[in-house]
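Hi,

Here is the structure I promised to pass on. Have a look at it first, and my notes follow underneath.

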Amino acid sequence: MKKIVVVGSINMDVVIRVPHIPTIGETVLAKGQQLYGGGKGANQAIAASRLGGNVHMIGRLGDDAYGKKLYDELVNNNVKAKAVEYDTNFPTGTAYICVSDKGDNTIVVNQGANGRLDIEQIKRYECILQDADYCILQMEIPISTIEYVIDFCKKKNIKVILNPAPAHLLSDETLEGIYMILPNETELAILCNNSGMIEDMAKSLHKKGIENVIVTLGGNGSMLVNEKTTKHFPAMSFPVVDTTAAGDAFVGAVTVGLSEGMDLEKAIEFATCAAGITVSREGAQASLPDRKMVDSYFSMR
């Protein structure tokens with residue numbers, strides 16, 4: 001099995017159900033609150049592992065009750081977590097997520113120990129990273145760490161799959177040579193300084209030397225831009241309960257598809273199934289589907 005290494009965040013998600021997303025200055029009474037394992041790094045690692053991927057995780061937790069619970073969640077989902085460390089000075093990262101009756105969400109993240117996932121920790125586990133086939137990155141960890149990992153992967157011919165969430169501007173030198181970037185519409189606009197239509201912005205990223213640009217469009221599916229094609233992939237029709245982690249399911253699934261030898265378009269269709277199932281269920285990691293469920297829908301597409 002090809003090796004997938006995820007370098008990224010691990011959070012405890014505090015999910016608050018509300019009738020609608022509050023506007024500035026508005027107070028809304030919550031319908032309930034629940035705790036779920038989350039963090040884009042952990043979500044993508046578990047998403048890929050549940051779909052059969054050979055997944056390793058590099059991350060950082062606080063030395064606290066949340067941290068120990070989240071570590072167990074990784075291991076229980078067959079993610080190899082040798083490179084996940086505990087930080088004695090910072091708490092486990094926490095995300096506060098408001099989810100409306102329509103399934104929309106807003107998220108506020110307290111980085112905690114994720115902000116201490118530094119270059120020195122990456123260097124301690126280069127033995128794990130150096131023979132990876134794919135490296136999945138997000139942007140809930142320090143930018144300096146992201147840049148170091150991307151540079152390391154380029155030197156080792158490891159395919160970088162970057163989910164730029166939350167979006168930060170990266171230099172053209174850093175972006176050049178990346179195998180795949182997967183922004184949503186908002187992140188794409190930030191990366192391109194809101195410079196035009198979605199297709200035009202995606203093409204401008206591709207021209208920076210990124211081999212494949214996939215823009216996730218929520219209920220409108222996704223768009224692929226590369227040297228060969230510009231193609232739209234429609235979303236699957238699922239009832240929307242909670243959109244949290246849908247993008248993470250997509251990232252994990254497309255990586256697993258590629259690692260199994262699917263061509264890119266088939267891998268995107270596979271990922272579309274995984275993301276669709278995810279939005280029909282509540283929570284982040286709790287909503288991520290297993291391989292049997294995704295295959296059952298994938299075979300009917």
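**L182 and its surroundings**

L182 is buried, with a relative accessible area of 1%. This is a predicted model, by the way, so please read everything below as computed from that prediction. L182 sits in the loop between β10 and α7. Leaving out residues up to four places away in sequence, L182 touches I161, L162, N163, P164, E187, I214, F250, V251 and V254. If you want a long-range marker, L182 and I4 are 178 residues apart in sequence, and their C-alpha atoms are 17 Å apart in space.

**Helix α8**

Which residues of helix α8 (residues 198-207) are buried? They are M201, A202, L205 and H206. Looking down the axis of α8, you'll find these buried residues within an arc of 145°, so they line one face of the helix. What they pack against is a mix of strands and helix: β10 (180-181), α7 (185-191), β11 (212-216) and β12 (222-226). Just after α8 comes G209, which takes a positive phi of about 105°.

G221 is worth a click while you're in that area. You'll find G221 in the loop between β11 and β12, two of the strands that the buried residues of α8 pack against. G221 is itself buried, with a relative accessible area of 10%. Setting aside neighbours within four places in sequence, G221 is in contact with V215, T216, F233, P234 and A235. G221 and G276 are 55 residues apart along the chain, with 9.4 Å between their C-alpha atoms.

**Two helix pairs**

Two packed helices are described by the angle between their axes and the distance between the axes, and I have both values for two pairs here.

Take α1 (residues 40-50) and α9 (residues 246-259) to begin with: they pack at an angle of about 45°, with their axes 8 Å apart. That makes α1 oblique to α9. Their crossing is right-handed. From α1, the contact uses K40, N43, Q44, A47 and A48, and from α9 it uses D248, A249, V251, G252 and V256. Sorted by class, that contact of α1 with α9 has 5 nonpolar, 3 polar and 2 charged residues. You may recognise V251 of α9, since V251 is also one of the residues that L182 touches.

The other pair is α10 (residues 264-279) with α11 (residues 291-298), whose axes come within 9 Å and cross at roughly 115°. These two helices are therefore roughly perpendicular to each other. The crossing of α10 and α11 is right-handed. Here K266, E269, F270, C273, A274 and I277 in α10 meet R291, M293, V294, D295, Y297 and F298 in α11. By class, the contact of α10 with α11 has 8 nonpolar, no polar and 4 charged residues.

**Around α5**

T145 belongs to helix α5 (residues 143-155). Is T145 buried or exposed? At 0% relative accessibility, T145 counts as buried. Apart from residues up to four places away in sequence, T145 touches L117, D118, I119 and I122.

Move on to the loop between α5 and β9 and you come to N157. N157 is exposed, with a relative accessible area of 69%. Phi of N157 is near 60°, a positive value in a residue other than glycine.

**Backbone spots to check**

Most residues other than glycine have a negative phi, and most peptide bonds are trans. Besides N157, with its positive phi, a couple of other places caught my eye on that score.

One is N78, where phi is near 65°, again positive in a residue other than glycine. Where is N78? N78 lies in the loop between α2 (65-76) and β5 (80-87). N78 is exposed, with a relative accessible area of 59%.

The other is a cis peptide bond, which joins A165 and P166, with omega at about -10°. P166 is in the loop between β9 (159-162) and α6 (172-175).

That's what I have for now. Shout if anything looks odd when you open it.

Cheers

Methods:
Residues are numbered from 1 along each chain as its sequence is written. This is a predicted model: local features need pLDDT of at least 70, side-chain atom pairs count only at pLDDT 80 or more; totals for chains, interfaces and linings use all residues. Side-chain values use heavy atoms; hydrogens and water are left out. Axes are lines fitted to C-alpha atoms, for helices over the stretch in contact, and angles run from 0 to 180 degrees between N-to-C directions. Helices (H or I, at least four residues) and strands (E, at least two) are DSSP runs, numbered from the N terminus. Angles under 35 degrees count as roughly parallel, over 145 as roughly antiparallel, 65 to 115 as roughly perpendicular and the rest as oblique. A crossing is left-handed if the near helix is turned anticlockwise from the far one by less than a right angle, and right-handed if clockwise. Contact means heavy atoms within 4.5 Å. Ala, Val, Leu, Ile, Met, Phe, Trp, Tyr, Cys and Pro count as nonpolar, Asp, Glu, Lys and Arg as charged, and the others, Gly among them, as polar. Buried means under 20% relative accessible area, exposed over 50%, partly exposed in between (1.4 Å probe, protein chains only). The arc is that of the directions from the helix axis to the C-beta atoms.
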